[in-house]
Amino acid sequence: MIFWLVAGATLLVVVGLLARTVFGADAEQSGAAQDVDVYRDQLREVEKDVARGVLTPDAAERTRLEISRRLLEADRNTGIGHGVGPRSLAITLAAVIVVGITIVTYLQIGAPGYPDLPLKTRIAQLEDARASRPSQAVAEEQVTSRPAPQIDAEDVSELMTQLRAILQQRPDDLRGHRLLVRNEAGLGNMVAAYTAQQRVIEILGVNDAPASEVATLAELMILAAGGYVSPEAEAVLQNALGRDPRNGTARYYTGLMYVQAGRYDLAWPTWRRLLADSTADAPWLEPILLQIEDVSALAGDATPLDQLPIPRADEPVTGTGGLRSPSSDDIEAAGEMSMQDRIQMIQGMVQGLAERLGSEGGPPEEWARLITSLGVLGNTDAAFGVYSEAILVFEGDQGALDILNHAADQAGVNPG
């Protein structure tokens, strides 16, 4: 109602000013026309006065000249606005048409009667909708089609039957369950695939499984729900990011979740940072590039595609793919090298990681990785120095401190 009152008052003011201008010009034009008639009558009276002898010929000539001058001036004034008077009706009609088109257009594309929604209120409503969105089970029931099989079901039917039967008897067979995950996913059986992936994580240890395995579980759940990120899948994504904040798969699907929830303000920075941290062969690169321009516009940024930090094949590897901090897999692989090669590899990684953390900082997981890597090299003094610095950086963050204390234990550093 307030909107309509304000809009109506504004419209009346504009129309009133326009009408005043138009009809004021008409009134001025009408007065000038009356003056023309008066002066013409005066000229006729002069002729009569001469005939009656009231005016001498000289006086009559002077009078005619003065009246003629005023007549010409009044005649010019009748053309004010180049004939505004005859056009006043057309101008009024045009104003009515413009007002009518405005109202009809608003009724078509506007939201009459819809209350004003401040940004804070809109965000709160989006978050409420996201919190109450359908569950994983409901989403799976609504899926009408599943991904196309990547392998021929007939070729592996008998093998899959045998594999499933064997794993019933060998529930702790890690390699067998990983094979089951791949084959179920290849057949398009995403529910069975993520169920098998859950078992993989249980075998590895719920608290010890790497972020990549947890992110894979989330991805399979999302695929099973037809691409929808359910609350259950979101929880798994957060679990993966808690283990490794730089995990690309988890970051991509987190951005997708925000897009689905209408939180473009969160999806845009999530994907923009992921692009900057990705390599040219990252699997999430193409789906992000297909959507990110629209997402950035909806987020109020509207950054063109050519200005985004899109990785190219000829660029050095950076970010998620190029983080050369030594992971547990790196250290395990180093065990197969000669002692000299192993030390050189780890030293190179440690040096690069230490330089980056010293200049840019990083999450507690990377500080912990540096501490354990220094312990592998036998440099416990340096490991203790890094640990001492890290606990100051993350002072008050108990979760980060737990990660650092665990790394210190592994490196043989006595925090006390």
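In this predicted model, helix H18 runs over residues 380-393, and its 14 residues reach 20 Å from the first C-alpha to the last, close to the 20 Å expected at 1.5 Å a residue. On the inward side of things, Ala-383, Val-386, Tyr-387 and Ala-390 are the buried residues of H18. These four sit on the same side of H18, because they cover an arc of only 105 degrees around the axis. That fits the usual helix bookkeeping: with 3.6 residues a turn, residues three or four places apart point the same way in an α-helix. Flip to the face of H18 turned away from the buried side, and the exposed residues there are Asp-381 and Leu-392.

H18 also hosts an aromatic pair. Phe-384 and Tyr-387 both lie in this helix, three residues apart, or about one turn. Their ring centres are 6.4 Å apart and their planes meet at 40 degrees, so the pair counts as tilted. The two partners differ in how much they show: Phe-384 is partly exposed, with a relative accessible area of 36%, whereas Tyr-387 counts as buried at 5% relative accessibility.

On to the nonpolar packing. The largest nonpolar core has 48 residues, and those with the most contacts inside it are Leu-220, Val-229, Leu-237, Tyr-252, Trp-271, Ile-288 and Ile-292. It draws on a run of helices: H6 (153-169), H7 (174-186), H8 (190-204), H9 (211-224), H10 (231-243), H11 (248-260), H12 (264-276) and H13 (285-298) each supply at least two residues. H9 gives the largest share of this core, with eight residues. As for Leu-220, leaving aside its neighbours within four places in sequence, its contacts are Val-181, Ala-185, Met-190, Ala-193, Tyr-194 and Gln-197. Apart from the 48-residue core lies another core, of 20 residues, and among its members are Val-386, Ala-390, Ala-400 and Val-413. Two of those names are familiar, since Val-386 and Ala-390 are among the buried residues of H18.

Back to the aromatics. A search of the whole structure turns up three aromatic pairs. One of them is Tyr-252 with Trp-271, whose ring centres are 5.6 Å apart and whose planes are at 10 degrees, so this pair is stacked. The pair links distant parts of the chain, with Tyr-252 in helix H11 and Trp-271 in helix H12, 19 residues apart. Both of these residues are buried, and both are listed with the most contacts inside the largest core. Add Tyr-253, and Tyr-252, Tyr-253 and Trp-271 form one aromatic cluster.

The loops have some detail of their own. Arg-263 is placed in the loop between H11 and H12, yet it counts as buried, at 7% relative accessibility. Its side chain is joined to that of Asp-265 by a polar contact of 2.7 Å. With the neighbours within four places in sequence set aside, Arg-263 is in contact with Ile-123, Leu-126, Glu-127 and Tyr-258. The loop between H12 and H13 holds Thr-279. Thr-279 counts as buried too, because its relative accessibility is 16% and the cut-off for buried is under 20%. The side chain of Thr-279 makes a polar contact of 2.5 Å with the side chain of Asp-281.

Terms used. Residues are numbered from 1 along each chain as its sequence is written. This is a predicted model: local features need pLDDT of at least 70, side-chain atom pairs count only at pLDDT 80 or more; totals for chains, interfaces and linings use all residues. Side-chain values use heavy atoms; hydrogens and water are left out. The expected span of a helix is 1.5 Å times one less than its number of residues. Buried means under 20% relative accessible area, exposed over 50%, partly exposed in between (1.4 Å probe, protein chains only). The arc is that of the directions from the helix axis to the C-beta atoms. A nonpolar core is a set of buried Ala, Val, Leu, Ile, Met, Phe, Trp, Tyr and Cys residues joined through side-chain atoms within 4.5 Å. Contact means heavy atoms within 4.5 Å. A polar contact is a pair of N or O atoms within 3.5 Å; within protein, one must be able to donate a hydrogen and the other to accept it, and residues adjacent in sequence count only if both atoms are side-chain atoms. Rings of Phe, Tyr and Trp (its six-membered ring) pair if their centres lie within 6.5 Å; planes under 30 degrees apart count as stacked, over 60 as edge-to-face and the rest as tilted.
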